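This report describes a single protein chain for a reader at the bench. Please consult the sequence and the structure shown below while reading.

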Amino acid sequence: MKKSKKAILTVLFFAICMLVGTTNVWAGSVKNLAQQKKESFSTKVDMTGDGKKDTITFNLIRKTGMTEIDQMQVQINNKVVLTKKNLYSMYINVNYIYMSKNREFLEINVINDFKQQELNRLYRYDSKKKKLVKVLDLKNITGYESGRKVVKATSSEITVMHGCQPYTVGYAKWYCTYIYKNGKFKLKTKVVPVKSITHANNKFVIQNTTSFYKTAGGKTVSFVAYPGTVVEMKKIKMSGSNFYIQFKTGNKTGWILDKMCNNKNGPFADIRMA
């Protein structure tokens, strides 16, 4: 009896191992293919969804006598699938994002001489058009220049890290989740936690009397903070080309619109741009 129970348990164990090995509902990965590449290069990953590695070639073209990359041409198996001109850039970064079969993407990030993104888009291969088609534009999410990159992928969504310098709080970082549906990535939620890179514990000191509002973009005042008051940054909301930032003091929270200011007329003291 004991032997038969042991045999049954052994069979179940191997069956579970085989099941786990073949059906991973959390499948997904992000792989860096190129970091600060300044010259043409090739790599091999599956972009056509057939389970076989395709040869992906990036031709980086410069005008005579120029150091900047003027044109980028991408080929899959020796066929041109994407061409971008007038880039005026120094190098490119490329990530391969695998979510599941037929959900393979390239994140192409083109950086100029000022370390700003000239282009940062996710592309998938369209088997009908025989081209790479854009599924998400990370550069143009807001009107701010910032660093953005995909850091995680599952079978249904990706996580994007945003590093940006809002005028009112300086350099900050936050993470957004995008869901893939109907051939496009959609932002899961516009409101996410945010972390300051320059201010410990997200604490800011008021230097000019500031009104904080109950809702992002609303007109009803939640509280008014006076010089010397310490507030804690909690969340950020991306809305069109604007950022709204939520702060807390005591048991009250409120939002302000991030807008252009300097060290003297901004709401907070000691704002440093990284």
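## Glu104 and its surroundings

In this predicted model, the side chain of Glu104 reaches the backbone nitrogen of Asn102 at 2.9 Å. A polar contact is a pair of N or O atoms within 3.5 Å; within protein, one must be able to donate a hydrogen and the other to accept it, and residues adjacent in sequence count only if both atoms are side-chain atoms. Glu104 lies in strand β7, which covers residues 103–111. Helices (H or I, at least four residues) and strands (E, at least two) are DSSP runs, numbered from the N terminus.

Is Glu104 buried or exposed? Glu104 counts as buried because its relative accessible area is 4%, where buried means under 20%, exposed over 50%, and partly exposed in between (1.4 Å probe, protein chains only). Apart from residues up to four places away in sequence, Glu104 touches Asp46, Met47, Gly49, Tyr96, Ile97, Tyr98, Tyr123 and Arg124; contact means heavy atoms within 4.5 Å. The C-alpha atoms of Glu104 and Gly28 are 9.6 Å apart in space, while the two residues are 76 residues apart in sequence.

## Basis of the model

Residues are numbered from 1 along each chain as its sequence is written, and side-chain values use heavy atoms, with hydrogens and water left out. As the model is predicted, local features need pLDDT of at least 70 and side-chain atom pairs count only at pLDDT 80 or more, whereas totals for chains, interfaces and linings use all residues.

The chain averages a pLDDT of 87, and 86% of the residues score at least 70; pLDDT is the predictor's confidence in each residue, from 0 to 100. Over residues 5–26 the pLDDT is below 50, and this stretch has 3 contacts in the model beyond near neighbours in sequence.

## The chain as a whole

The chain contains 1 helix and 20 strands. Of its 274 residues, 42% count as buried. Among contacts between residues at least 6 apart in sequence, 46% join residues at least 24 apart.

## Strand pairing

An open sheet of 4 strands follows the order β2-β3-β4-β5, with antiparallel pairing. Its edge strands are β2 (41–45) and β5 (79–89), each of which pairs on one side only. Two strands pair if DSSP finds at least two bridges between them. The table lists antiparallel pairs, including one from this sheet.

| Strand pair | Bridges | Residues standing opposite |
|---|---|---|
| β2 and β3 (residues 54–61) | 5 bridges | Ser42 and Thr57 |
| β12 (residues 172–181) and β14 (residues 191–196) | 3 bridges | Trp174 and Val194 |
| β14 and β18 (residues 230–239) | 3 bridges | Pro193 and Lys235 |

Strand β14 thus appears in two of the rows, pairing with β12 and with β18.

## Tyr244 and its contacts

Tyr244 is placed in strand β19, residues 242–249. Why does Tyr244 count as buried? Tyr244 counts as buried because its relative accessibility is 15%. Leaving aside neighbours within four places in sequence, Tyr244 is in contact with Ala216, Gly217, Lys235, Ile236, Lys237, Ser239, Trp255, Ile256 and Leu257. One of these, Lys235, is also the bridge partner of Pro193. Another, Ile256, stands 12 residues from Tyr244 along the chain, and their C-alpha atoms are separated by 5.7 Å.
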